[in-house]
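Hi everyone, thanks for coming. Today I'd like to walk you through one structure, step by step, and please have it open as we go.

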Amino acid sequence: MNLPKHWYVIARSPEIKKNKILSLTRFGQRLVLWRDIQGALTIMDDRCPHRSAQLSLGELKNGKLACPFHGFQFDAVGTCQWVPELNRAAPKLSVKTYQNREKDGWVWMWWGDGEPADKMPAWFTEVDDTFCTAYMKASWKTHFSRSVENQLDYAHLPFVHRNSIGKYATPIQRYPEFKMDEERIKWFFPRADGLEPQSFIEFRFPNVWINRISEKYSITLAFVPVDDQHTDLYLKSYRKFANIPGLNRVINFLMLRRTRGILNEDRQVVTSQEPIDVRLATEEVLFPSDQAVRHFRKWLG
Ligand code: FES
Ligand SMILES: [Fe+2]
């Protein structure tokens, strides 16, 4: 998939359990994810270099991944350490592996040519696991770029969300203040007293977004590129209000149901946009409220 090289969030850490093999499509590539004996994560192409069987159908053996077809075993860096018919390793045979990092329950993968940048995208210091957290995932049939742009656009609120969060929003814009650079797009309404606002929205390149509603409530969203036509949205909410141990499951269920409803409102419109890759949308005319969209398009190239 043609996207700028970067560290992208591609999954959540708990999805990849020890002793389990996970098959995922990311960036249009079929990938296999698994953990070695120490729990370190490996991401590799889900295709055996012998005769192309899907490695995720195989099994884990002593910290190696064994192909289901003829039992060749590959280690965490993709080297073939065991060919049963030869009774030895074949060090020249290897599967392509991808650099990855795990932090705060998320998995980042380096996508693009060359060595990965040392610097990881900064995580949000506003949230940590002292909050009560809840997850949900949605799958949208559109390109990564359309999914991200939707979340950079505040002018759709009174239209797309007229029956939910946009009920009291007005289409006549009071423009928020924007801070935009190579790492992020942040916007907020300045306070009259000049202090740092409690509420803001921030997008961290390449694919993570936070809606910091208050000190006690934030929503993060990762836009995960599946392939050119599909994007997975991983949502995690962090709250410090109504944290009642016996009732949290019910509270989370009700909050996520509402959130899913709001995302569905977005999805209906966003999946109608064509062309689905914004780089092909050369005839679109941008307006003042699209300034974050314009900045994102510059980054996308
Ligand atoms: S195809 Fe994988 S070992 Fe033969
Ligand atoms: Fe929306």
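Let's begin with a term we need: the domain bounds I'll use come from an automatic or database domain assignment. Please also keep in mind that this is a predicted model. With that in hand, the protein is divided into domain 1, residues 6–111, and domain 2, residues 132–300. Their C-alpha centres lie 32 Å apart.

How many residues does each domain bring to the contact? Domain 1 supplies 10 residues and domain 2 supplies 12 residues. On the domain 1 side, β1 and β2 (22–26) each supply at least two residues of the face that touches domain 2. The strand that gives the most to that side is β1, with 5 residues. If we sort that side of domain 1 by class, we find 5 nonpolar, 3 polar and 2 charged residues.

Now let's stay with β1 and look at its sheet. Three strands form an open sheet in the order β1-β12-β11, and the pairing is antiparallel. Which strands stand at the edges? They are β1 (6–12) and β11 (100–103); each has a single partner strand, so one side of each is left without a neighbour in the sheet. From one strand to the next, the twist averages 30 degrees. As a bit of background, strands of a sheet pair through backbone hydrogen bonds, either parallel or antiparallel. Here, β1 and β12 (residues 106–111) run antiparallel and are joined by 6 bridges. You can find one spot yourself: V9 has W108 as its bridge partner in β12.

Next, the core. The largest nonpolar core has 46 residues, and those with the most contacts inside it are Y8, V9, I10, L33, M109, A222 and F223. Why does this core lie between the domains? Domain 1 (6–111) and domain 2 (132–300) both give residues to it, so it lies between them. Take I10 as an example: leaving aside its neighbours within four places in sequence, I10 is in contact with R26, V107, M109 and V224.

Last stop, K119, which is found in the loop between β12 and β13 (132–140). Is K119 buried or exposed? A residue counts as exposed if 12 or fewer other C-beta atoms lie within 10 Å of its own. K119 has 8 C-beta neighbours inside 10 Å, so K119 counts as exposed. K119 and W7 are 112 residues apart in sequence, yet their C-alpha atoms are 8.9 Å apart in space.

Technical notes
Residues are numbered from 1 along each chain as its sequence is written. Chains are lettered from A and ligands numbered from 1 in the order in which they are written. This is a predicted model: local features need pLDDT of at least 70, side-chain atom pairs count only at pLDDT 80 or more; totals for chains, interfaces and linings use all residues. A nonpolar core is a set of buried Ala, Val, Leu, Ile, Met, Phe, Trp, Tyr and Cys residues joined through C-beta atoms within 7 Å. A residue is buried if 20 or more other C-beta atoms lie within 10 Å of its own, exposed if 12 or fewer, and partly exposed in between; C-beta atoms are placed from the backbone. Two residues are in contact if their C-beta atoms, placed from the backbone, lie within 7 Å. Two strands pair if DSSP finds at least two bridges between them. Helices (H or I, at least four residues) and strands (E, at least two) are DSSP runs, numbered from the N terminus. Axes are lines fitted to C-alpha atoms, for helices over the stretch in contact, and angles run from 0 to 180 degrees between N-to-C directions. Ala, Val, Leu, Ile, Met, Phe, Trp, Tyr, Cys and Pro count as nonpolar, Asp, Glu, Lys and Arg as charged, and the others, Gly among them, as polar.
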